[in-house]
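Reader: Could you take a close look at one part for me, the tryptophan and what surrounds it? Cut-offs included, please, since I'll want to check them myself.

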Amino acid sequence: MTTSITRPDFEIHPRLTDPLLARLLQPERLLWTPRELADLTKTVTTELTSSLRDVLRFDEEGRWWARLALTDGLELWLLSWLPGQQTKPHDHGGAAGSFTVLQGELGEEYRYPGGPIRRRTHKAGESIGFGAGRAHQVTGLGDEPAASVHAYSPPLVPTREYTTLADVPGEIPPLPVILGR
């Protein structure tokens, strides 16, 4: 007797039960633009605020994160930031991305290949979408804890870390080939 295992079209964090999230994920879509990802993270933070706060945790030892959803076309994350907690400089391996600040304030230094290093501050409710090749370092600012929802497409593309943003190469390296999940 042969048993067939069917993989679901998407995965959702078990504590997120609002059916709106399943509709927003559009599991048939295999590639999302930066604008579409920004619209998604904005909608998730606006419409699912209470559910996100039920999942959200803060950790004094280091940044905390939880994957909220995964499809063949995108991954969605919730991250928390205590004041001063930050990422290392990194890119998303050629994937497009976005984030929306759920609460608090985040500082971001970023750079596209061959471009200058720039700085921005992102406050609660603000969203940004970005294309392939963008490297950045994100830091929790202010005196209050921050949280943000992030999305990437294609999903599961490894990040590349840098010593500094000045080390970002002058050209966008190609996306790695990823076969299934």
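Author: Read along the sequence, the pattern is β-α-α-α-β-β-β-β-β-β-β-β-β-β, so three helices and eleven strands (DSSP runs, H or I of at least four residues for helices, E of at least two for strands, numbered from the N terminus). This is a predicted model, where local features need pLDDT of at least 70 and side-chain atom pairs pLDDT 80 or more, while totals for chains, interfaces and linings use all residues. Residues are numbered from 1 along each chain as its sequence is written, and side-chain values use heavy atoms, with hydrogens and water left out.

Now for W32. You'll find W32 in the loop between α1 and α2, and it is buried, with a relative accessible area of 5% (buried means under 20%, exposed over 50%, partly exposed in between, with a 1.4 Å probe and protein chains only). Leaving aside neighbours within four places in sequence, W32 is in contact (heavy atoms within 4.5 Å) with L24, L25, Q26, L37, L40, G73, L74, A96 and S153. Take G73 from that list: W32 and G73 are 41 residues apart in sequence, yet their C-alpha atoms are 7.0 Å apart in space.

There's a charge to look at too. The charged end of R29 sits over the ring of W32, 4.5 Å from its centre; the test is NZ of Lys or CZ of Arg within 6 Å of the ring centre and within 35 degrees of the ring normal. Elsewhere, R134 has its charged end over the ring of Y110, 4.0 Å from the centre. As for aromatic pairs (centres of Phe, Tyr or six-membered Trp rings within 6.5 Å), a search of the whole structure finds zero.

L40, one of the contacts of W32, also turns up in the largest nonpolar core (buried Ala, Val, Leu, Ile, Met, Phe, Trp, Tyr and Cys joined through side-chain atoms within 4.5 Å). That core has 25 residues, and L40, V44, L52, L76 and L78 have the most contacts inside it. At least two of its residues come from each of α1, α2, α3, β2, β3, β5 and β10. V44 touches L21, L24, T49, L52, L76 and V149, not counting residues up to four places away in sequence. A second, separate core has eleven residues, including L79, V101, A146 and Y152.

Zooming out, 45% of the chain's 181 residues count as buried. Among contacts between residues at least 6 apart in sequence, 73% join residues at least 24 apart.

Conventions
Rings of Phe, Tyr and Trp (its six-membered ring) pair if their centres lie within 6.5 Å; planes under 30 degrees apart count as stacked, over 60 as edge-to-face and the rest as tilted.
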